[in-house]
Amino acid sequence: MRSPITGSVKITKEMVFSIACHPSEQALLSLVGDKLGNLALWDISATLERNKELDATVTEVEPVVSSFKPFRKPISKIAFNHGNLNQAYLSSYDGTLRLMDLETRQFTELLIHPEGDMLSHFSLTSQNPHEIWISDGSGLATLLDTRVPYDPASSTSTHFYTLSDKKINTIHANPRDPNYLVTAGLDRTVRIFDVRKLAPAQPLADNHADPAEALAVLPHRLSVNSAYWDPSGRDVISTSFDDTLGLWKEVLREAENGLVSIKHGNNTGRWVQKFKSVWRGQEGFAGAEAFEGEGSVFIIGNMQRSVDVFSGATGKQVATLIDNSLTAIPAVNVFHPTLNMIVSGNASGRMNVWTA
């Protein structure tokens, strides 16, 4: 794969925190969130067309970007609505979840954390586009039903569960069976939960309930940045500050016994966003089944200003994406849902695209 853009392009004002690619194969679009709550709608297709027209006197293409300010703090996660691709969900450290309408460019507030805590991550469920699992900074998980009008004084649209006594960094519903969740967090573990066995918690209680019993607890030596199911719902990839990636094969059946431990430098420091390994097809759009088995791959940033590509079948590194124009570490990386394309962002708010 190579970068079709001459140099990286400036998309957000501050450090890139989150990226989502629209599944369209005709109009290439990406939503990008930064450290200060700014959001950019990047028209990649139009930017690529501009890049073709560059002459020798111009060293950098001007990207086609629309900018918004929907949040006060970092945008932790972005995902397009499977049921309506003109909409996208966004969560923030300011404790709110919002829905963006790409046609009207309007934002609707869907949730305010009842304790004012950060929303660290969320996951859509593959079999019900109206349900969203949301994690926070104190170990609580919220199940939100978007069909029910949100009322902070009522619990009809939200159910709360205590899954940890520390911050949950990521939460991900199994794409094949949404009864199973995987979480990663500051407690140095990856945890698998069966949602049918979870007991609701009271978020405003003086003391949260003890964390729910996990189906499996998969240990790392230090904090775990992320853990995600592969498109088949069988394997999990985790990223930890202990400088390893954990490829947990057939995790619902094998638990710790299926671990393939991969050495990888993940200590990004203060000025670089945390690395998170992500699968191709992870967002669960139609066609993701093509990225299972021998064809499964995951990617992660590298401190050497590159992107590493690994086989999901074996855990072996199969490629490194390098471009001489990169002057910063591409810490945040996502696949296009169906195309052979990767979008990367760095701490300067600059972006790259990689295509075959």
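The following exchange concerns the cavities, the nonpolar core, one helix and several single residues of a predicted model.

Residues are numbered from 1 along each chain as its sequence is written, and side-chain values use heavy atoms, with hydrogens and water left out. In this predicted model, local features need pLDDT of at least 70 and side-chain atom pairs count only at pLDDT 80 or more, while totals for chains, interfaces and linings use all residues.

Reader: How many cavities of 30 Å³ or more does a search of the whole structure find?

Author: Rolling a probe the size of a water molecule over the atoms shows where empty space is left. On a 1 Å grid over the protein atoms alone, a cavity is a set of points where a 1.4 Å probe fits but cannot get out, whereas a pocket is an open set with protein on both sides within 12 Å along at least five of seven lines. Grid points are joined across faces, edges and corners, and a volume is the space filled by probe spheres set on the points. With a lower limit of 30 Å³, the number of cavities found in the whole structure is 4.

Reader: Which residues are closest to the centre of the largest cavity?

Author: The largest cavity has a volume of about 430 Å³. Its lining consists of 30 residues, a lining residue being one with an atom within 4 Å of a point. Strands (DSSP runs of E, at least two residues, numbered from the N terminus) that each supply at least two residues of this lining are β2 (16-21), β6 (75-80), β22 (278-279) and β26 (332-335). The residues closest to the centre of the largest cavity are Ile-19, Lys-77, Val-278, Glu-283 and Val-334.

Reader: How many residues of each class line the largest cavity?

Author: Ala, Val, Leu, Ile, Met, Phe, Trp, Tyr, Cys and Pro count as nonpolar, Asp, Glu, Lys and Arg as charged, and the others, Gly among them, as polar. By these classes, the lining of the largest cavity has 17 nonpolar, 9 polar and 4 charged residues.

Reader: Which strand gives the most to the lining of the second largest cavity?

Author: The second largest cavity holds about 170 Å³ of space. Its 18 lining residues include Ser-123, Leu-124, His-172, Gln-282 and Glu-283, which lie nearest its centre, and the lining divides into 7 nonpolar, 9 polar and 2 charged residues. At least two lining residues come from each of β6, β10 (119-125) and β14 (168-173). The strand that gives the most, with 5 residues, is β10.

Reader: Which strand gives the most to the largest nonpolar core?

Author: A nonpolar core is a set of buried Ala, Val, Leu, Ile, Met, Phe, Trp, Tyr and Cys residues joined through side-chain atoms within 4.5 Å. The largest one has 42 residues, and those with the most contacts inside it are Ile-19, Trp-42, Ile-44, Phe-298, Val-343 and Met-351. Giving 4 residues to this core, the strand with the most is β23 (residues 297-302).

Reader: Is Met-351 buried or exposed?

Author: Met-351 has its place in strand β28. Leaving aside neighbours within four places in sequence, Met-351 has contacts (heavy atoms within 4.5 Å) that include Val-16, Ile-19, Trp-42 and Val-343. Buried means under 20% relative accessible area, exposed over 50%, and partly exposed in between, with a 1.4 Å probe and protein chains only. At a relative accessible area of 0%, Met-351 is therefore buried.

Reader: Why do the buried residues of α1 lie on the same side of that helix?

Author: In helix α1 (residues 44-52), the buried residues are Ile-44, Thr-47, Leu-48 and Asn-51; a helix here is a DSSP run of H or I with at least four residues. An α-helix has 3.6 residues a turn, so residues three or four places apart point the same way. The arc is that of the directions from the helix axis to the C-beta atoms. The buried residues lie on the same side of α1 because they cover an arc of only 100°.

Reader: What is the phi of Arg-305?

Author: Most residues other than glycine have a negative phi. Arg-305 is found in the loop between β23 and β24 (306-311) and, at 41% relative accessibility, counts as partly exposed. Although Arg-305 is not a glycine, its phi is positive, at about 60°.
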